[in-house]
Amino acid sequence: MDTDPKHTLGRLVGPAGPEVGCDACFDELDRYVELELAGQDADAAVPGLGAHLEGCPACREEYESLRALVGGERS
Ligand SMILES: [Zn+2]
């Protein structure tokens with residue numbers, strides 16, 4: 001059995017699908033919210049970010065305050 005932690009991690013994060021971490025999430029959040037408020041498909045433009053928001057309360061909170069802020073400015 002292979003117990004090398006690096007190999008185990010490699011399997012966990014492998015190229016199975018779009019995975020967005022918190023750092024990448026914060027980097028793309030502005031763009032994601034802009035697209036969403038513009039009525040475009042933000043999930044297609046930033047794959048995996050919506051899924052990350054679903055599972056990450058911290059980023060979800062950031063997303064909601066950003067959305068309120070940007071949306072508020074425009075209405
Ligand atoms: Zn996160």
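Q: Leaving aside its neighbours within four places in sequence, which residues is His-52 in contact with?
A: In this predicted model, His-52 is in contact with Val-20, Gly-21, Cys-22, Cys-25 and Cys-59, once its neighbours within four places in sequence are set aside. The word "contact" is used because heavy atoms lie within 4.5 Å. His-52 itself has its place in helix H4.

Q: Why is His-52 called buried?
A: Its relative accessible area is 14%. Buried means under 20%, so His-52 counts as buried.

Q: What makes Cys-22, His-52, Cys-56 and Cys-59 donor residues of the zinc ion?
A: Look at the distances. The donor atoms are SG of Cys-22, NE2 of His-52, SG of Cys-56 and SG of Cys-59, and they sit at 2.0 to 2.3 Å from the zinc ion. A donor must be an N, O or S atom within 2.8 Å of the metal, so these atoms qualify.

Q: Why is the arrangement around the zinc ion called tetrahedral?
A: The four donor atoms subtend angles of 104 to 114 degrees. Four donors count as tetrahedral if all angles lie between 85 and 135 degrees, so the name fits this site. For comparison, the ideal angle for four tetrahedral donors is 109.5 degrees.

Q: How are the donor residues of the zinc ion spaced in sequence?
A: The spacing is C-x29-H-x3-C-x2-C. Cys-22 lies in helix H2, while Cys-56 lies in the loop between helix H4 (49-55) and H5, so this pair ties together parts that are 34 residues apart in sequence.

Q: Are Cys-22 and Cys-56 buried, partly exposed or exposed?
A: Cys-22 has 36% relative accessibility, and a value between 20% and 50% is called partly exposed, so that is the label for Cys-22. Cys-56 has 12%, which is under the 20% cut-off, so Cys-56 counts as buried.

Q: Where is Gly-21, and what makes it partly exposed?
A: Gly-21 has its place in the loop between helix H1 (5-13) and H2. At 35% relative accessibility, Gly-21 falls between the two cut-offs, so it is partly exposed. The C-alpha atoms of Gly-21 and Cys-59 are separated by 9.8 Å, although these residues are 38 apart along the chain.

Q: How do you know that Glu-28 and Arg-31 meet in a salt bridge?
A: The N to O distance between their side chains is 3.0 Å. A salt bridge needs a side-chain nitrogen of Lys or Arg within 4 Å of a carboxyl oxygen of Asp or Glu, so this pair passes. The two residues are three apart in helix H2 (residues 22-37), which means they are separated by about one helical turn. Both ends are partly exposed: Glu-28 has 27% relative accessibility and Arg-31 has 39%.

Q: Which parts of the chain does the salt bridge between Glu-36 and Arg-67 link?
A: The side chains of Glu-36 and Arg-67 meet at 2.4 Å, N to O. The pair links distant parts of the chain, with Glu-36 in helix H2 and Arg-67 in helix H5 (residues 57-74), 31 residues apart. Glu-36 is partly exposed at 24%, and Arg-67 is partly exposed at 33%.

Q: What makes Arg-60 and Glu-54 a salt bridge?
A: Their closest N and O atoms are 3.7 Å apart. The limit is 4 Å, so the pair counts as a salt bridge. Salt bridges that share partners join Glu-54, Arg-60 and Glu-64 into one network.

Q: Why is Glu-54 called exposed, and Arg-60 partly exposed?
A: Exposed means over 50%; Glu-54 has 65%, so it is exposed. Arg-60 has 29%, which lies between the cut-offs, so it is partly exposed.

Q: How many helices and strands does the chain have?
A: The chain has five helices and zero strands. From the N terminus on, its elements run α-α-α-α-α.

Q: Which element of the chain has the lowest mean pLDDT, and which the highest?
A: H1 has the lowest, at 52, and H2 the highest, at 95. Where pLDDT is low, the predicted coordinates should not be read in detail. For the chain, the mean pLDDT is 83, and 72% of the residues reach 70 or more.

Terms used
Residues numbered from 1 in each chain as written. Predicted model: local features only at pLDDT ≥ 70, side-chain atom pairs only at ≥ 80, totals over all residues. Heavy atoms only, no water. Helix = DSSP H or I, 4+ residues; strand = E, 2+ residues; numbered from the N terminus. Buried < 20%, exposed > 50% of the residue type's maximum accessible area, 1.4 Å probe, protein only. Donors = N, O, S within 2.8 Å, 3.2 Å for Na, K, Ca; no water. Tetrahedral: all angles 85-135°; square planar, octahedral: opposite > 155°, others 65-115°. pLDDT = per-residue confidence, 0-100.
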